[in-house]
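The following exercises are intended for a reader who is meeting this structure for the first time. Each task is followed by a solution that proceeds step by step.

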Amino acid sequence: MTSVLALSTSQCPNSMNHRGLRLMDHHCHFDKVDCLSNYDIPVVNVNGIGDKIPKVVDDLIQSMYRYDKFVFAIPEFTGMMSSSTKNLLDWAVVASNMNLGHGKGYPWTDKHVILLTFTPSGAEGGSRHMAQTKAIFKKLGANVIHTDVSTYG
């Protein structure tokens, strides 16, 4: 049976992105709906292979390997993915030996990934980051099968 993690990469506990995933869960029945705000993840503060990864980060990344597919709800800030999203991706790079495998070894490597943004702005406002975000996830081994921006405007 396929397992799906729906993860809001917002640091806001009641973000639109987390609420959007919870609403989707009523129809999609994800195996887990989670939010980065549930974890006290520090800003990446290492710069070499073998540097210590905080337990909370390692536990989160290790738990992600249990899932077969991913739905990420990613906030857009100033035309880019949120810093919390980038921080998670940076920690994943550190945990995978600084991307020496060129896109291999990540929890989402060769797995289907959907990238979403829930926003009160118009589609242009919420989608400014999506092309770059999709490219980065693909560089990190994800098989990005769909992107979408849900707007309230």
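The exercises below concern a predicted model, and they treat salt bridges, aromatic rings, individual residues and enclosed or open spaces in turn.

**Exercise 1. Salt bridges**

Task: State how many salt bridges the structure holds, and describe the partners of R128, K86 and D110.

Solution.

Step 1. As background, side chains of opposite charge can pair when their charged atoms come close. The count for the structure is 5 salt bridges.

Step 2. R128 is paired with E76, and their closest N and O atoms lie 3.0 Å apart. This pair links distant parts of the chain, since R128 is in the loop between α4 (123-127) and α5 (130-139) while E76 is in strand β4 (residues 76-77), 52 residues apart. R128 has 44% relative accessibility and counts as partly exposed. E76 has 16%, and because buried means under 20%, E76 counts as buried.

Step 3. K86 is paired with D90, with 2.7 Å between the closest N and O atoms. Both belong to helix α3 (residues 83-95); they are 4 residues apart and therefore separated by about one helical turn. K86 is partly exposed at 38%, and D90 is partly exposed at 25%.

Step 4. D110 is paired with K104, the closest N and O atoms being 3.2 Å apart. D110 has a relative accessible area of 56%; because this is over 50%, D110 is exposed. K104, at 45%, counts as partly exposed.

**Exercise 2. Aromatic rings**

Task: Determine how the rings of F70 and F72 are arranged, how those of Y106 and W108 are arranged, and which residues form the aromatic cluster.

Solution.

Step 1. A pair of aromatic rings is described by the distance of the centres and the angle of the planes. A search of the whole structure finds 6 aromatic pairs.

Step 2. For F70 and F72 the ring centres are 5.6 Å apart and the planes meet at 5°. Planes under 30 degrees apart count as stacked, so this pair is stacked. F70 and F72 are both buried.

Step 3. Y106 and W108 also form a stacked pair, with 5.8 Å from centre to centre and 5° between the planes. Y106 is buried, with a relative accessible area of 3%, and W108 is buried, with 1%.

Step 4. These four residues and F137 form one aromatic cluster.

**Exercise 3. The surroundings of two residues**

Task: Establish whether V71 is buried or exposed, do likewise for N87, and list the contacts of each residue.

Solution.

Step 1. V71 is found in strand β3 (residues 69-73). Its relative accessible area is 5%, so V71 is buried.

Step 2. When neighbours within four places in sequence are left aside, V71 is in contact with V4, L5, A6, L7, L21, F30, I114 and L116. V71 and T147 are 76 residues apart in sequence, and their C-alpha atoms are 9.7 Å apart in space.

Step 3. N87 lies in helix α3. Its relative accessibility is 12%, so N87 counts as buried. With neighbours within four places in sequence left aside, N87 is in contact with I41, P42, V43 and V44.

**Exercise 4. A cavity and a pocket**

Task: Describe the volume and the lining of the largest cavity, and then those of the largest pocket.

Solution.

Step 1. There is 1 cavity of 30 Å³ or more. The largest cavity holds about 40 Å³ of space.

Step 2. The cavity is lined by L5, L7, K32, D34, Y39, L60, S63 and Y67. At least two lining residues come from each of β1 (4-8), β2 (32-35) and α2 (55-64). By type, the lining comprises 5 nonpolar, 1 polar and 2 charged residues.

Step 3. About 180 Å³ of space lies in the largest pocket. Its lining consists of S10, C12, S15, M16, N17, P75, E76, F77, T117, F118, T119 and P120.

Step 4. α1 (16-28), β4 and β6 (112-119) each supply at least two residues of this lining, and β6 gives the most, with 3 residues. The pocket lining divides into 6 nonpolar, 5 polar and 1 charged.

Step 5. One link to Exercise 1 may be noted: E76, one of the residues lining the pocket, is the salt-bridge partner of R128.

Key
Residues numbered from 1 in each chain as written. Predicted model: local features only at pLDDT ≥ 70, side-chain atom pairs only at ≥ 80, totals over all residues. Heavy atoms only, no water. Salt bridge = Lys/Arg side-chain N within 4 Å of Asp/Glu carboxyl O. Buried < 20%, exposed > 50% of the residue type's maximum accessible area, 1.4 Å probe, protein only. Contact = heavy atoms within 4.5 Å. 1 Å grid on protein atoms, 1.4 Å probe; cavity = no way out; pocket = protein on both sides within 12 Å on 5 of 7 lines; lining within 4 Å. Points joined across faces, edges and corners; volume = space filled by probe spheres on them. Nonpolar A, V, L, I, M, F, W, Y, C, P; charged D, E, K, R; others polar. Phe/Tyr/Trp six-rings, centres within 6.5 Å; stacked < 30°, edge-to-face > 60°.
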